[in-house]
Amino acid sequence: MVCYWTAWAWLQKNNWYDDYGRVYIYYTVDEICEDVCCGRDKAMKLLAELDKKKGIGLVERVK
């Protein structure tokens with residue numbers, strides 16, 4: 001939980017907000033693969049589960 005709060009504070013400190021007041025980050029599929037220690041297919045499935053359109057709505061993906 002420490003990592004989450006540290007990251008959250010850092011994002012807020014750097015004023016990374018969109019027009020709706022939501023904190024945002026850029027996180028590529030390659031970074032997800034590296035951080036989660038998985039392949040591209042698994043990373044894409046994880047994103048689909050979290051996706052706003054297809055999944056539970058925690059992630060909004062942009063290109």
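What is the volume of the largest pocket? The answer is about 1,200 Å³, and this tour reaches that pocket after a look at the helices and the core. Keep in mind that the model is predicted.

**Stop 1: the whole chain**

Show the protein as a cartoon. There are three helices and zero strands, and reading along the sequence gives the pattern α-α-α. Now switch on the surface. The protein exposes about 5,700 Å², with carbon and sulfur atoms supplying 57% of that area. Buried residues account for 13% of the 63 residues. Of the contacts between residues at least 6 apart in sequence, 4% join residues at least 24 apart.

**Stop 2: the core**

Hide the surface and select V29, I32, C33, C38, A43 and L47, the six residues of the largest nonpolar core. Colour α2 (29-36) and α3 (40-50), since each of these helices supplies at least two residues of this core. The largest share, three residues, comes from α2.

**Stop 3: L47**

Stay in the core and centre the view on L47, one of its six residues. Leave aside the neighbours within four places in sequence, and L47 is in contact with V29, I32, V59 and R61. Among these partners, V29 and I32 belong to the core as well.

**Stop 4: the loop between α2 and α3**

Select C37, which is found in the loop between α2 and α3. Most residues other than glycine have a negative phi. C37 is not a glycine, yet its phi is positive, at about 60 degrees. Is C37 buried or exposed? C37 has a relative accessible area of 69% and therefore counts as exposed, because the cut-off for that word is over 50%.

**Stop 5: the largest pocket**

Finish at the pocket from the opening question. Select I25, V59, E60, R61 and V62: of the 30 residues that line the largest pocket, these are the closest to its centre. V59 and R61 are also contacts of L47 from Stop 3.

Next, colour α1 (2-13), α2 and α3, the elements that give two or more residues to the lining. Which helix gives the most? That is α3, with five residues.

Last, colour the lining by residue type. The lining divides into 17 nonpolar, two polar and 11 charged residues.

Key: Residues numbered from 1 in each chain as written. Predicted model: local features only at pLDDT ≥ 70, side-chain atom pairs only at ≥ 80, totals over all residues. Heavy atoms only, no water. Core = buried A, V, L, I, M, F, W, Y, C linked by side-chain atoms within 4.5 Å. Buried < 20%, exposed > 50% of the residue type's maximum accessible area, 1.4 Å probe, protein only. Helix = DSSP H or I, 4+ residues; strand = E, 2+ residues; numbered from the N terminus. Contact = heavy atoms within 4.5 Å. 1 Å grid on protein atoms, 1.4 Å probe; cavity = no way out; pocket = protein on both sides within 12 Å on 5 of 7 lines; lining within 4 Å. Points joined across faces, edges and corners; volume = space filled by probe spheres on them. Nonpolar A, V, L, I, M, F, W, Y, C, P; charged D, E, K, R; others polar. Areas by Shrake-Rupley, 256 points an atom, 1.4 Å probe, with all protein chains shown as cover.
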